[in-house]
Amino acid sequence: MQTGICYVRLKGEIEPGEARVEHDGRSRFIGEIVKKGRPYPVLAVEYLERPAGAVTLYHIPVDDNTIMWLPADLFVFARD
């Protein structure tokens with residue numbers, strides 16, 4: 001089996017319908033630690049079943065030299 005690194009970018013604008021209640025303040029925080037337009041490598045993907053609904057998280061190294069689990073629905077796949 002082969003694996004490869006995929007890259008994602010922060011979405012340009014998050015639609016109000018997409019931003020769940022738990023993302024309301026978090027999307028502003030992520031906007032401060034992740035630069036728009038810059039591609040970030042996804043090191044791992046985690047899918048969690050929660051009572052409020054399922055969520056997918058990306059393990060991404062961010063600009064302050066830390067690695068964080070961030071909600072996948074705030075990102076789009078990056079192209080060259």
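Let me begin with a term: a residue is called buried under 20% relative accessible area, exposed over 50%, and partly exposed in between, computed with a 1.4 Å probe and protein chains only. Colleagues, the structure before you is a predicted model, in which local features need pLDDT of at least 70, side-chain atom pairs count only at pLDDT 80 or more, and totals for chains, interfaces and linings use all residues. Residues are numbered from 1 along each chain as its sequence is written, and side-chain values use heavy atoms, with hydrogens and water left out.

I turn to the overall layout. The chain has one helix and six strands; these elements are DSSP runs numbered from the N terminus, with helices being H or I of at least four residues and strands being E of at least two. Their order from the N terminus is β-α-β-β-β-β-β. Of the 80 residues, 25% count as buried.

Next, the sheets. Strands of a sheet pair through backbone hydrogen bonds, either parallel or antiparallel. Here, two strands are said to pair if DSSP finds at least two bridges between them.

One open sheet has three strands in the order S2-S1-S6, with antiparallel pairing. S2 and strand S6 (75–77) are at its edges with a single partner strand each, so one side of each is left without a neighbour in the sheet. Strand S1 (residues 6–10) is joined to S2 by three bridges, and Val8 stands opposite Tyr40 in S2.

Another open sheet of three strands follows the order S3-S4-S5, and its pairing is likewise antiparallel. Its edge strands are strand S3 (44–48) and S5, each of which pairs on one side only. Between S3 and S4 there are five bridges; Ala44 has His59 in S4 as its bridge partner.

Finally, which residues form the salt bridge? The structure holds one such contact, defined as a side-chain nitrogen of Lys or Arg within 4 Å of a carboxyl oxygen of Asp or Glu. Arg38 and Asp63 form this salt bridge, with their closest N and O atoms 2.1 Å apart. Arg38 lies in the loop between helix H1 (24–33) and strand S2 (40–42), and Asp63 in the loop between strand S4 (55–61) and strand S5 (67–71), so the pair ties together parts that are 25 residues apart in sequence. Arg38 counts as partly exposed because its relative accessibility is 39%. Asp63, at 28% relative accessibility, also counts as partly exposed.
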